[in-house]
Amino acid sequence: MYTGPCKVLHLSSGLLPNSGRFGIVLSDEYQVVTSLWCQLYTTHAPQQPSGMLLLNYLVIPSKAQVNKPGYKPNLGECSHYRSKIHLKAGDKLQSPEGKPKTGRIQEKCEGPCISSSNCSQPCAKDFHGEIGFTCNQKKWQKSAETCTSLSVEKLFKDSTGASRLSVAAPSIPLHILDFRAPETIESVAQGIRKNCPLDYACITDMVKSSETTSGNIAFIVELLKNISTDLSDNVTQEKMKSYSEVANHILDTAAISNWAFIPNKNASSDLLQSVNLFARQLHIHNNSENIVNELFIQTKGFHINHNTSEKSLNFSMSMNNTTEDILGMVQIPRQELRKLWPNASQAISIAFPTLGAILREAHLQNVSLPRRVNGLVLSVVLPERLQEIILTFEKINKTRNARAQCVGWHSKKRRWDEKACQMMLDIRNEVKCRCNYTSVVMSFSILMSPKSMTDKVLDYITCIGLSVSILSLVLCLIIEATVWSRVVVTEISFMRHVCIVNIAVSLLTANVWFIIGSHFNIKAQDYNMCVAVTFFSHFFYLSLFFWMLFKALLIIYGILVIFRRMMKSRMMVIGFAIGYGCPLIIAVTTVAITEPENGYMRPEACWLNWDNTKALLAFAIPALVIVAVNLIVVLVVAVNTQRPSIGSSKSQDVVTIMRISKNVAILTPLLGLTWGFGIATLIEGTSLTFHIIFALLNAFQGFFILLFGTIMDHKIRDALRMRMSSLKGKSRAAENASLGPTNGSKLMNRQG
């Protein structure tokens, strides 16, 4: 290509006829193509000193240059030059509209800011549209923006010129080439069919080089929408790649904040629907699984038929370049694949890591918007006969309060539909959903459920219950200390009250550590302190269960062994060995094995880890085994309480039933049987009733120990009455003793 010296071009006094562009005067050595596809236009460069302005123009050699010996022209492209044009003082560079462009950007409106008032400001140079502001709290805040630098004409400007010049062979004299302006391109479909019908590549460079302003994003969404509507008759993998490159540009994390200022609130929904519609017409010609692998959009697919085994598509995408990848998986169950016809079909899935932060839901009553998406957005395109799929999402927010809700995007209602999916599994890291695929629900994800009314009810029950429980346990210990000498007459009664006291102490201490741990911030506090909180919570909750076990063993001992009694000292040794020795061994072993690998605690709370080391089993297994053993003891007591006699009447049967019920009611909280409801709460889909019952019984366990273990014991009540009578007697004696000398002194004073 000729790249010789270029002379300075001067602005002429007027525009060339019908050109709509700046007129220029050239020397005889060059000719410049001034048309829609090879034109003179201003750059984004700032104005130079002394009225000098940088301009771009396209130059091709003249006929004289072509005829020079040894010159080999290459007419496939134009030479781009930048030249300095000197403007005289007072001259202004006019745009086609005849309005000067100042290039000044108003960051906010001028004038007083009155609440709820609006104003608008023009966009920067080379952008069309305006920026809207709203007055909020006496400050102008950006509310909308339509600034765009893209247009249908500009999209195909360079590609049209290149295509027209590339058809000229070197042997064709340049002077016979047609330099007239091509016909105007009025639509995206027309421009693509004319310039790049095979792969849509002619639009990608212009789009990818554009700034992701709100106006440009809205323009690109309409561009993709038009393509999916007008050009989706024969979608190849090459077309899908170009289409995805354009979509990837506006799904970048740097563009997310600008979506909020697009006036059309359905733009994000239109984007998702357009991508799904375009992918529905995609034809997979080979067995390759990876079709598109952009940073913010991935497409995979494969062929399937009724003999195909269970298939899955795995995605791994990053929210940005600094975070770890988020995983997602689409599975088609085997029973669904059997529904297919013998001829081959195809399954396609598209993953979006950032679209969840952009999608805007239509207003829905009784739903607080926006609802945060906590995973990839996975779109699927399946044969019509397939209806059920299984999706696995890795959570973006993995905190313990990040409860998930499986949802599908309803394209007509423009919102997340909870009825489209059912929860199969919800653990700290991932969620598994079973979803129904339809023509209007093709995209799925998980929402981070805010604190529901149910959660608040359970929180209130726990807080109130723990407060009442702690006060009840303190009162229980005070009562036991008050009547101790009067109730510990025999070895069995002595050990029984030893058990009650240690159960109360263990539960009281465990509740205190639970409160400390629930209000503990690991990031803000010392790590070793959190380890200590976890250890003591684990130890004292285990102590509670093992003292309950020892109490159950005492009951069995009292029933089975009648004539032979064990010494008090030996029973004390066995009791403390079981009540505190076993929990200490388990707690120390757990922390010694898991802590060196940093697997002792949960990342988000001061409690035993589950996901990595399963340290929580060191609490769950002993607790559930003890609950099972204690349940057997209660059944033995119930059977032993029923003493059938010959000719017993119905009234005696009622008395027996009442006695059994009373014993079971007393032993249930004392032996920890209420923790058995915890098993039901672990099962997915358990009724809310079980959660409330479990929270009530265990939050108020201290109150039940006070009620059934202390107050309902008639021996303790008798001892309390005797203690109160003794205290009253002593107070009266003390009062009489104090009154005696006083009265005597008064009498002597009278006699004197």
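The legends below describe close-up views of a predicted model.

**View 1. The hairpin of strands β8 and β9.**
Strand β8 covers residues 130-136 and strand β9 covers residues 139-145. The two strands pair in the antiparallel sense, with six bridges between them. Within this pairing, glycine 132 is placed opposite alanine 144 of β9. Two residues lie between the strands of the hairpin, and glutamine 137 has a positive phi near 55 degrees.

**View 2. Arginine 371 and its salt bridges to glutamate 361 and glutamate 418.**
Glutamate 361 and arginine 371 are joined by a salt bridge between their side chains, with an N to O distance of 2.7 Å. Both residues of this pair sit in the loop between β14 (345-352) and β15 (377-381), 10 residues apart. A second salt bridge runs from arginine 371 to glutamate 418, where the closest N and O atoms are 2.4 Å apart. This contact links distant parts of the chain: arginine 371 is in the loop between β14 and β15, while glutamate 418 is in the loop between β18 (415-417) and β19 (421-426), 47 residues away. Buried means under 20% relative accessible area. Arginine 371 therefore counts as buried, at 13% relative accessibility, and glutamate 361 is likewise buried, at 17%. Glutamate 418 has a relative accessible area of 27% and is therefore partly exposed.

**View 3. A salt bridge within helix α19.**
Helix α19 spans residues 714-751 and contains both arginine 721 and aspartate 718. These two residues are three residues apart, about one turn of the helix. Arginine 721 and aspartate 718 form a salt bridge, with 2.2 Å between the closest N and O atoms. Aspartate 718 is partly exposed, its relative accessible area being 32%. A separate network consists of Lys225, Asp270 and Arg414, which are joined by salt bridges that share partners. The salt bridge count comes to 11.

**View 4. Helices α11 and α13 where their axes cross.**
Helix α11 comprises residues 491-518, and helix α13 comprises residues 568-594. Their axes come within 11 Å of each other and cross at roughly 25 degrees. Angles under 35 degrees count as roughly parallel, so α11 is roughly parallel to α13. The crossing of these two helices is right-handed.

**View 5. Segments that UniProt lists as "transmembrane region".**
The unreviewed UniProt entry gives this annotation to residues 457-479, 500-520, 540-560, 572-594, 614-639, 660-683 and 689-712. Among them, residues 457-479 are 100% helix and 0% strand in the model, and their end C-alpha atoms are 32 Å apart. For residues 689-712, the corresponding values are 92% helix and 0% strand, with 28 Å between the end C-alpha atoms.

**View 6. Asparagine 234 in the loop between α6 and α7.**
The loop that holds asparagine 234 lies between α6 (214-230) and α7 (237-250). Asparagine 234 is partly exposed, with a relative accessible area of 41%. Leucine 198 is 36 residues from asparagine 234 along the chain, and their C-alpha atoms are separated by 9.7 Å.

Terms used:
Residues numbered from 1 in each chain as written. Predicted model: local features only at pLDDT ≥ 70, side-chain atom pairs only at ≥ 80, totals over all residues. Heavy atoms only, no water. Pairing = 2+ DSSP bridges. Helix = DSSP H or I, 4+ residues; strand = E, 2+ residues; numbered from the N terminus. UniProt positions renumbered as here; feature names shortened; annotations may be inferred. Salt bridge = Lys/Arg side-chain N within 4 Å of Asp/Glu carboxyl O. Buried < 20%, exposed > 50% of the residue type's maximum accessible area, 1.4 Å probe, protein only. Axes fitted to C-alpha atoms, helices over the stretch in contact; angles between N-to-C directions. Parallel < 35°, antiparallel > 145°, perpendicular 65-115°, else oblique. Left-handed = near helix turned anticlockwise from the far one by under 90°.
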